[in-house]
Structure formats: structure tokens, C-alpha cells
Amino acid sequence: MQSVIAAFIPIWFIGALGWLSARFGWASVHARQALTRFAFTVAMPAVLFTTLSRTPLDRIQPGPLLAFAISTFAVGLLALALFRGELPERVIGAMSSAYVNAGNLGIPVGLYVLNDATFVVSVLIFQVLTVSPLIFLGLGAGRASFLAPLRTPIVVASFLGLGVSALGWRLPDLALKPLEILGGAAVPLALFSLGMSLNGSAVSWRGTTPAVVLKLLVQPLVAFLAGRFLLHLDGPALFAAVLFAGLPTAQNTYVYAAEYGRPTDLPRDAILVSSVLSLGTLSAIALLGAP
């Protein structure tokens with residue numbers, strides 16, 4: 001339990017600083033928009049390229065990843081059916097319900113709970129190269145071409161990073177260091193701008209409740225059922241799939257919605273509520289499912 005809390009403390013702290021900045025007028029709405037834009041177009045692509053370019057592709061774990069992927073698509077499609085509105089609004093509901101915080105929570109949870117952070121690489125690759133383009137396609141419905149998601153900086157940087165890894169190239173530190181510095185700003189900027197958006201806003205429980213229930217309860221349950229009875233996983237492989245399916249909503253969902261000019265209330269509230277409640281649900285998964 002203490003390890004899970006330790007993973008959340010930086011998230012709460014940076015988010016609180018963002019809220020204070022907006023509350024006391026230290027930063028304007030235009031500043032928040034600029035931070036979100038920079039995170040989406042520069043910082044996130046930088047961190048994804050540096051991470052994936054150094055990741056051997058043989059570290060991908062197909063068994064638990066398939067169970068996790070099944071849970072993601074099953075819950076995402078269920079959310080698309082449950083939420084109302086035009087396609088972009090329903091996509092916001094789906095990503096708030098099924099897109100997990102693998103980036104900055106997956107690593108500490110993997111290290112502290114699984115004693116191994118390699119599975120987070122598999123989840124990260126799957127989400128960035130498979131789920132994110134689908135999200136961008138839905139959020140940009142009616143505005144962009146079918147191939148537009150493949151040209152977003154996040155997807156391009158991820159493909160380039162995987163290409164470098166697949167070719168076995170080792171880039172010099174002189175080239176990677178500037179990208180590492182830029183990439184180091186990705187999570188703090190996303191959390192800070194998210195905290196700023198919380199100022200003067202109350203949680204809308206009507207949309208948030210189903211999203212959080214799907215995220216924290218249904219998705220790990222589907223991962224368990226798919227892993228245990230469909231893929232016949234057990235032990236650490238099954239535990240890893242269920243644990244990562246139970247991670248809270250990623251802060252990237254807020255950035256994605258803001259970047260495409262879509263409503264940000266649902267992802268903002270889902271991130272906040274799921275992050276708080278997942279302290280209990282992740283601990284329960286760890287206690288009940290640890291091999």
C-alpha cells in the first residue's frame with residue numbers, strides 16, 4: 001500500500017501546484033493552453049522516442065499484453081455504446097474509461113508490486129501505436145483525413161523510436177540528451193495543466209461515475225477473465241495483466257481532448273476520481289492476485 005501511495009504523491013503535488021497557479025492568478029488560461037500544446041507536440045514525442053528507441057523489442061510480453069488489449073478494446077467499445085453524443089464525445093468517454101496511466105504510474109507500480117517494470121513497455125507500445133491513433137481518428141472526426149492520426153507528433157515519434165530499436169541502432173548521447181531534457185517535461189506539464197483546469201470546476205458525477213466504474217472495476221475484471229479462461233494465463237503473467245488494467249485514467253486523455261478542442265470535463269474528472277479511488281482498487285488487486 002505504501003508503494004502505491006508513493007507513486008501517486010508526485011501526481012497530486014504537481015496537480016495541486018497547477019490548481020494553485022490558476023486559483024491565485026499566477027497563470028492564465030492562455031498559459032494552460034500553451035502548456036498543453038507544448039506537452040502534446042514536443043515533450044510527449046520526445047519522451048516516447050527516447051524510451052522506445054532504447055527498448056529491445058524482445059521485451060514485449062505477448063500473453064499478458066493480449067489479455068490487457070482485450071480488456072482495453074472490450075471496455076472501450078462498451079463505453080462507446082454507453083456514452084451519448086457525437087463520435088468525438090463518445091471517444092472521450094471511451095478513452096476516459098479504458099486508457100490507463102502506464103507512463104508515470106506503470107513504472108513505479110511495476111517496480112514496487114511486480115518487482116519488474118518490463119511489462120509497462122509492452123503496454124506503452126500498445127497504447128501509443130494502436131489505441132492512440134484510433135483516439136486521434138475519433139477526436140478529429142469531421143475535421144481531418146483518415147491518415148491524419150498517423151501524422152501526429154506522438155505517433156510519428158513512437159514509430160521512429162521503434163524503428164531505431166528494431167534496426168539495433170544506438171544513438172549517441174549527444175543526440176539523445178536534448179530529447180531527454182524535453183521529454184522530462186511531458187508528465188509535469190500534463191499534470192500541471194490538468195491541475196489548472198480543476199480551478200473553479202466541480203466533478204460532474206453523471207458522466208464520471210460510469211467511466212470510473214468501467215476503468216477501475218470492469219477493465220481489470222475483463223483482463224482477468226480473458227487471461228484466465230481464454231488465454232489460460234496464471235501466476236505473474238495473469239497478475240501483471242490485471243494489475244495494469246486496473247491503473248487509473250491517464251493524464252494524456254486530458255491533453256488529447258484539449259489538443260483537439262473537445263470537451264475536457266470528463267477526462268479531467270475521470271483522472272482525478274480514478275486516481276484517488278485506485279489507491280484502494282490497486283491495493284485490493286495486489287492483495288488478492290499476487291502470485
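In the predicted model, the axes of helix H3 (residues 62-82) and helix H11 (residues 235-245) come within 8 Å of each other and cross at roughly 30°. Because angles under 35 degrees count as roughly parallel, H3 and H11 are described as roughly parallel to each other, and their crossing is right-handed. On the side of H3, the residues that take part are Pro64, Ala67, Phe68 and Ser71, and these meet Ala237, Ala241, Phe244 and Ala245 in H11. By residue class, this contact of H3 with H11 comprises 7 nonpolar residues and 1 polar residue, with no charged residue among them.

A second helix pair is formed by H2, which spans residues 29-53, and H9, which spans residues 186-197. The axes of H2 and H9 likewise come within 8 Å, and they cross at roughly 155°. Since angles over 145 degrees count as roughly antiparallel, H2 is roughly antiparallel to H9, and the crossing of these two helices is left-handed. From H2, the contact draws on Arg32, Leu35, Thr36, Phe38, Ala39, Ala43, Met44 and Val47, while H9 contributes Ala186, Leu189, Ala190, Phe192, Ser193, Met196 and Ser197. The residues in the contact of H2 with H9 divide into 11 nonpolar, 3 polar and 1 charged.

Individual positions within these two helices add further detail. Thr50 is placed in helix H2, and with a relative accessible area of 6% it is classed as buried, because the limit for that class is under 20%. The side chain of Thr50 reaches the backbone oxygen of Val47 at 3.1 Å, and Val47 is itself one of the H2 residues in the contact with H9. When residues up to four places away in sequence are not counted, Thr50 touches Leu176, Leu179 and Glu180. In helix H9, Val187 has a relative accessibility of 27% and therefore counts as partly exposed, the class between 20% and 50%. Val187 and Gln219 are separated by 32 residues in sequence and, from C-alpha to C-alpha, by 24 Å in space.

Gly138 is situated in helix H6, which covers residues 118-139. The relative accessible area of Gly138 is 6%, so this glycine is buried. With residues up to four places away in sequence left out of the count, Gly138 touches Leu87, Pro88 and Val91. The separation between Gly138 and Ala157 amounts to 19 residues along the sequence and 20 Å in space, taken from C-alpha to C-alpha.

The loop between helix H10 (205-230) and H11 contains His232, and thus the description returns to the surroundings of H11, a helix whose residues include Ala237 and Phe244 in the contact with H3. Most residues other than glycine have a negative phi. His232, by contrast, has a positive phi of about 60° although it is not a glycine. At 60% relative accessibility, His232 counts as exposed, because that class begins over 50%.

Definitions and conventions:
Residues numbered from 1 in each chain as written. Predicted model: local features only at pLDDT ≥ 70, side-chain atom pairs only at ≥ 80, totals over all residues. Heavy atoms only, no water. Helix = DSSP H or I, 4+ residues; strand = E, 2+ residues; numbered from the N terminus. Buried < 20%, exposed > 50% of the residue type's maximum accessible area, 1.4 Å probe, protein only. Polar contact = N/O pair within 3.5 Å; in protein donor to acceptor, adjacent residues only side chain to side chain. Contact = heavy atoms within 4.5 Å. Axes fitted to C-alpha atoms, helices over the stretch in contact; angles between N-to-C directions. Parallel < 35°, antiparallel > 145°, perpendicular 65-115°, else oblique. Left-handed = near helix turned anticlockwise from the far one by under 90°. Nonpolar A, V, L, I, M, F, W, Y, C, P; charged D, E, K, R; others polar.
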